[in-house]
Amino acid sequence: MSKQTFVMTPKNYPRPLEVPHAKVMVSGEPAIGSELFLKEGSRGSTSPRHRRPSERAATKTFSKMIHRLKEDVRSWYQLHRRNDTTNVLVWTIYLQLMLMAVLLILLPFDTVQVAGRYRLIKPLNFSMSMAMYLATVVILLDYLRASMWWKKVISWGVSICILTAITCITMQAMRGTTSHFNNSTPFDSTVSSLMDIVDPLNSAFVLVLLIFALQSRYNVSRSSQLGIVFGILVFLAGSVIGGVMVAHGQSVVGVAPGGPGLPVVNWSTTGGDFRVAHFLGIHALQILPIAGWLVDRLEGLPRRAKPTAVVAVSAGYVLLMGIVFLQAMNGVPLVRM
């Protein structure tokens, strides 16, 4: 009598795996790789999309940068919580954001135009720009290795200058007149002169930050340190362009003020306009330090080459700023319309 094997399996035993196809990748050489797609019986799912090595590397690099950004934000926040010298700057930022919200609510009902645009647009633009500037100063002071006295002096000085400037700009806008280069009445002349005082005074506090940066007093990497140095230098150059506008008596060249301009920013489209170079200079305080931070996180770039990359980016930015400044000096608009 022959023996037979008897096998019992549970009803829920998984279906056997089928091998629909196997793919071997060759290119005239011995096989360099293979893919095997399996599915469970007839219910198997389709094969996963194959990603090229470059796609996987790019996705991995981007994910690592996002992860490091989160870590940097978390470490900065912990550092900021231990530093109470910038509280006045933070409250000034809140005031700017509140003003922005009010102006945005009132803007659809604005019917008065000043210098070719609705009067509330100018204080709205300035409050947004000033909030960014204040936030930048907060971060710089948090990473600054200096005495608490210096941090408090800079915090209070910058806050007073910014609050004075935005008050003048908003007040004059509500009155239906301009805040800069306005000598039509003794009161308007006083307001304009006050702004001509607080703007260079604010730049003096930024100059102190530059001195600390040149001494490498910020607790950041070398690339970020260079970004801060160049950002502050270009910011001060933008402030000097603001002084050129004051000396010139207006921001445009070759045309009368209040002519056709670009939407929102109102940069002249018929003549030269110093405000373009001034804008680039002022916001270099955010752009170049961020560029230094990004360069520092490029893993494919050798460490010795990172400072050179920051210098190159900064040089390109300065070149762009110089071009638009010379363009304005010659009465050529950024965009002719």
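**Exercise 1. In this predicted model, work out which residues D273 is in contact with, leaving aside its neighbours within four places in sequence.**

*Solution.* Start with the contact list: once those neighbours are set aside, D273 touches S251, V252, N266, W267, S268 and A328. Next, place the residue in the fold: D273 sits in strand β6, which covers residues 272–273. Now look at what the side chain does. One polar partner is the backbone nitrogen of S268, reached by the D273 side chain at 2.9 Å. Another is the side chain of R275, with a polar contact of 2.6 Å.

**Exercise 2. Is D273 buried or exposed?**

*Solution.* Take the relative accessible area of D273, which is 4%. The cut-off for buried is under 20%, so D273 counts as buried.

**Exercise 3. Find what lines the largest cavity, and which helix gives the most to that lining.**

*Solution.* First, count: the chain has one cavity of 30 Å³ or more. Its space comes to about 30 Å³. Then read off the wall: D273 turns up again here, together with V276, V324, Q327, A328, V332, P333 and L334. Sort these by class and you get six nonpolar, one polar and one charged residues. Finally, assign them to elements: helix α8 (residues 305–329) gives the most, with three residues. A328 links back to the opening exercise, being one of the contacts of D273.

**Exercise 4. Which residues touch the most other members of the largest nonpolar core, and which helix gives the most to this core?**

*Solution.* The core holds 37 residues, and Y133, V158, L209, Y218 and I232 touch the most other members. Go through the helices next: α2 (87–106), α3 (121–143), α4 (148–174), α5 (186–214), α6 (222–248) and α7 (275–296) each supply at least two residues of this core. The top contributor is α5, with ten residues. To see one of the hubs up close, take Y218: beyond four places in sequence, its contacts include L140, Y143, L209, F212 and I228. Don't stop there, though: a second, separate core of 16 residues includes I241, M245, A284 and L288.

**Exercise 5. How many helices and strands does the chain have, and in what order do the elements run?**

*Solution.* Counting gives eight helices and six strands. Reading from the N terminus, the order is β-β-α-α-β-β-α-α-α-α-β-β-α-α. For a chain-wide check on burial, 36% of the 337 residues are buried. Last, look at sequence separation: among contacts between residues at least 6 apart, 66% join residues at least 24 apart.

Definitions and conventions: Residues are numbered from 1 along each chain as its sequence is written. This is a predicted model: local features need pLDDT of at least 70, side-chain atom pairs count only at pLDDT 80 or more; totals for chains, interfaces and linings use all residues. Side-chain values use heavy atoms; hydrogens and water are left out. Helices (H or I, at least four residues) and strands (E, at least two) are DSSP runs, numbered from the N terminus. Buried means under 20% relative accessible area, exposed over 50%, partly exposed in between (1.4 Å probe, protein chains only). A polar contact is a pair of N or O atoms within 3.5 Å; within protein, one must be able to donate a hydrogen and the other to accept it, and residues adjacent in sequence count only if both atoms are side-chain atoms. Contact means heavy atoms within 4.5 Å. A nonpolar core is a set of buried Ala, Val, Leu, Ile, Met, Phe, Trp, Tyr and Cys residues joined through side-chain atoms within 4.5 Å. On a 1 Å grid over the protein atoms alone, a cavity is a set of points where a 1.4 Å probe fits but cannot get out, and a pocket is an open set with protein on both sides within 12 Å along at least five of seven lines; lining residues have an atom within 4 Å of a point. Grid points are joined across faces, edges and corners, and a volume is the space filled by probe spheres set on the points. Ala, Val, Leu, Ile, Met, Phe, Trp, Tyr, Cys and Pro count as nonpolar, Asp, Glu, Lys and Arg as charged, and the others, Gly among them, as polar.
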